[in-house]
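Visitor: I should like a close look at one part of this structure, a loop residue with an unusual backbone angle. Please describe its setting carefully and then relate it to the rest of the chain.

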Amino acid sequence: MSEYNKELTLILLTHNRKKFLERAVSYYANFPFKLLILDSSKVSNVPLLDKYKDKNQDVDYIHYHSDAYGDLVKKIKYGVSLVKTEYVLFVADDDFTLLNGIQDSLHFLKNNADYGMCHGYSMMYLADAKEVHYFQYAKKISGDYSREGGDRIIDFMAEYHPPFYAVQKTALLSNWFERIYDDISFEFSEFGHAFHMLNLAKAHVLQTPFMVRELNYPYSEHLTDLRTAMETKNIHPEKREYFYSFLERLLLEVNPQRPSKQVRDLIEQSSQVLVSCLQLETSLQLAELFFSTAESTPQKLDWTFLAKQPITELPFYSATFFNTLAEIDTLIRVMPCGKLQLDSLSKLPRQQNDPYMALRIAQGHFIDELSLISPRVAVVLHLFYLEQWDEIKPLLLNIPYDFDLFVSTIAENKSDVMSMLAADFPKAKLYITENKGRDIGPLFELLQHENLANYNFVCKLHTKKSPHLDPDLVQKWREELLVSLLPSKEGVQAIFDLFNTRPEVGIVTGAGVLVHAHYTPGGNIGLLRELAARLGFNLDETAYEFPGGSMFWCRGSVFNSVNALNISVDDFEPEAGQTNGTLAHAIERLFPLIAYHQGLLTVDAGYQGHVPNPRFPNSSEEYLHWLSKQALSIPEAKLFDLHAAAVSLPKVKICIVDRFANKSGLIASINSVSCQFYADVELLVCSSAANPMPESGIEWIQVKDGFYSAVLDTLVQQECAWLGLMEAGDQLTMSGLLLAMHQLAEHPEWKAVYFDDDVMNADGRPACPRFKPDFDINLLRSIPYADGFLLLRTDVALAGIYQQLEGWGGSSSRFYCTAMSSMGRNRLAISQSLLRICRLMIPEFYPIPVVIKISHN
């Protein structure tokens, strides 16, 4: 045994990843150190250790069973308490820490008693069926953090190299884990660990290769994100404050002479410096360096280097390192574990030339890759209207994998539903619930019995009739929702692929069904605000869209956040034909925040990474300064009058659509139109309410039935060059329309204008910009181009378009979107350089667009 055996313990962390564990043990069993395995998997993995006992007798296995990855900190605390050596090193089951790097770090700490942790440089790897790609992860940094007091903490955070996997002094590490509270998040623990260790001792980063880490694909299974946790102040502000206060108390225990205010300032400054470092990629950056191939024999690896990478500044380019890397590369190929690698291997014909296949079989490592990558899928269906079962049943067969079906219904339907399920899905589970909370109440009842978080993907469905709405409209809406979620085997697989390639996505709806959560007539806003607060969000500082109709696909992990609402089935109101204002209506609008409680977005099936949902405050001084430069002053506006004398500017009629009789919002919209610098404007109001002031002279159309059909009939008859459409509550700044119309006069080929938007926070400052991409007809239903204020040219062709839409009864945003889509189908020119006009939504009412600037690409 090496002299280091009694001085260092490796703690191997693993959770429900047997193959990763086996590969990690086969790698670290050759190291001359004590190995402590902390395994929180559901099933003990002791048997797989037997084959490695002859390599390293000093292996301890602890089965620390836990169903939740969130218990990671508790598991680590327990593991650290077992360590008896002077030094300790955490190793992950999917990474490869290098023996030379460990020995060099250990040597440094032994010879520098005032240092508490030491490590080196890391790179990333990602394997597919034939290649292993290697990426730069760490940039070159100064590497020594030895100044006194808080200076070395700031220095370290300014060029942050994650120290969790460094060689550390056990006494100092124990000092941290003995003090932290059990429910601390891993991200806060990561920051606090670095802060506390640096407060107690110096740190050093050697200019040597230290670790080869797996690149998360398509995302981290554990959804830990240090940058998000440290920079997003409106997520769990009470938890952040509790953590900062805890860290402050801890630092004062070590340095009682320091003023409390100075300590808090150091903590907050350190956090800000770390966030800035991560945002600017000062010390960490992902860029591919080279990749390996092994086309002919496992004994021969070919390395392909990418010419533009910073080869000279990184310590990886030596014969010694590449000899070590070749061994790791071979192990990756012989014992495949990663998602991308297994997925791509499963698509290769077994007879295709794979030089590692024989090795896997000979060493007992060959596995059925396909069985490992098939996702766990669940369908949750509330079956209230039994006649719709025949409509849903064949669509379920479009799911390309086996799935578990959970059905809920009321007691009166029990016998019939049991018969239907026995005939078609005999393995389905049936739950009988009270008729409370529409489809949402039964979902919460189901969650008392089933852990949906155990599934990769969950499809939430329900039968839908909505007796208070037009039956033909509801049938069309229901059919569209169902088919968009279960279109075909290929279509459902495309949704799964979206999840797999977009780690930020948590909920996927059908195209074109996302609706503004702030459009909440009937008293939903107050309850929605209360529920958002339970999740740690301020609704008045948030803008987002929710899946209208409450049918969607989601990651199972989304349901982990439902418990934070502290809602039981008893909280739902009994069914009484309510059309709004119930707990179920509020939770339907809350799902995007439930997802974002775990950092996940809600998108539709056409999502390509453009517009985040939800959106949060971004009231930086730079942004506000930029906005201030976009508005015209009165003298500048007068210059446009001179231009107007030389050109013929068109007349604009602005139609304010007031479906929900939003009186206060309507007044605000009318006032903003009347204050425009642009003079040739007429006003039309289409409202479900009667005109309260007929003497005002405003053209007013009251609509009671078939709201949008009547609006369409009215729009076809308008005589104007351009028609503006806005919701009641939309507000235009004085210069917005003037700027737009002068641009339009110079571009007769333009047929429509769409707008960016923003949201005002509680103090009246614009906070959540949503910048839309350039127009692409293929993205029309996945990008909210037509959301908010929309201008359309009213030439003869548009009349036919409006006639095609007659009878439409959906939301106004979908109506506008369909109008733009129809223009595309009719080959009318929609410029690729459409104007962009920002709007603001004031949360006291409903979404209230305010045009505050105009720019063009």
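**A loop residue and its surroundings**

Guide: Arg438 counts as partly exposed, because its relative accessibility is 29%, and a residue is called buried only under 20% and exposed only over 50%. The model under discussion is a predicted one. Arg438 is not a glycine, yet its phi is positive, at about 50°. It sits in the loop that lies between strand 15 and helix 16 (440-446).

Strand 15 leads from this loop to a sheet. The sheet is open, has seven strands and mixed pairing, and follows the order 15-14-13-16-20-17-21. Strand 15 (429-432) is one of its edge strands and strand 21 (601-604) is the other; each of them pairs on one side only. Direction ignored, neighbouring strands in this sheet are turned against each other by 20° on average. At the end of the order formed by strand 21, the pairing with strand 17 (residues 505-509) is parallel and rests on four bridges. One position can be followed there: Val505 has Leu601 of strand 21 as its bridge partner. In general, the strands of a sheet pair through backbone hydrogen bonds, in either the parallel or the antiparallel sense.

A second residue invites the same questions. Glu281 also has a positive phi, near 55°, and is a residue other than glycine. Its relative accessible area is 36%, so Glu281 is partly exposed. The loop that holds Glu281 lies between helix 9 (260-280) and strand 11.

Strand 11 (residues 284-293) is largely enclosed by the rest of the structure, since seven of its ten residues are buried. Strand 11 has antiparallel pairings with strand 7 (residues 131-138), over seven bridges, and with strand 12 (residues 302-305), over four bridges. Particular residues mark these pairings: Phe135 has Glu288 in strand 11 as its bridge partner, while Phe291 has Thr304 in strand 12.

The N-terminal part of the chain can be taken up next, beginning with a loop residue. His15 is found in the loop between strand 1 (8-14) and helix 1. With a relative accessible area of 12%, His15 is buried, because the limit for that class is under 20%. Asp39 is 24 residues from His15 in sequence, and the two C-alpha atoms are 5.7 Å apart in space.

Helix 1 (residues 18-28), which follows that loop, packs with helix 10 (residues 319-334): the angle is about 150° and the axes are 11 Å apart. The two helices are therefore roughly antiparallel, as angles over 145 degrees are placed in that class. Their crossing is right-handed. Helix 1 contributes Arg23, Ser26 and Tyr27 to the contact, and helix 10 contributes Ile328, Leu331 and Ile332. By character, the residues of this contact are four nonpolar, one polar and one charged.

Another sheet, further along the chain, is also open and of mixed pairing; its six strands have the order 24-23-22-25-29-27. Strand 24 (699-702) and strand 27 (752-753) are the edge strands, and each pairs on one side only. Helix 25 (residues 707-716) packs on this sheet and touches strand 22 (652-658), strand 23 (681-687), strand 24 and strand 25; the directions of helix 25 and strand 23 make an angle of about 155°. Helix 26 (residues 736-745) lies across strand 22, strand 23, strand 25, strand 27 and strand 29, and runs at about 30° to strand 29. Within the sheet, four bridges join strand 25 (residues 722-727) to strand 29 (residues 790-793) in the antiparallel sense. In that pairing, Gly724 is opposite Leu791 of strand 29.

Finally, the whole chain supplies the context. It contains 28 helices and 33 strands. Of its 857 residues, 57% count as buried. Among contacts between residues at least 6 apart in sequence, 77% join residues that are at least 24 apart. Against this background, Arg438 counts as partly exposed.

Key
Residues are numbered from 1 along each chain as its sequence is written. This is a predicted model: local features need pLDDT of at least 70, side-chain atom pairs count only at pLDDT 80 or more; totals for chains, interfaces and linings use all residues. Side-chain values use heavy atoms; hydrogens and water are left out. Two strands pair if DSSP finds at least two bridges between them. Contact means heavy atoms within 4.5 Å. Axes are lines fitted to C-alpha atoms, for helices over the stretch in contact, and angles run from 0 to 180 degrees between N-to-C directions. Angles under 35 degrees count as roughly parallel, over 145 as roughly antiparallel, 65 to 115 as roughly perpendicular and the rest as oblique. A crossing is left-handed if the near helix is turned anticlockwise from the far one by less than a right angle, and right-handed if clockwise. Ala, Val, Leu, Ile, Met, Phe, Trp, Tyr, Cys and Pro count as nonpolar, Asp, Glu, Lys and Arg as charged, and the others, Gly among them, as polar. Buried means under 20% relative accessible area, exposed over 50%, partly exposed in between (1.4 Å probe, protein chains only).
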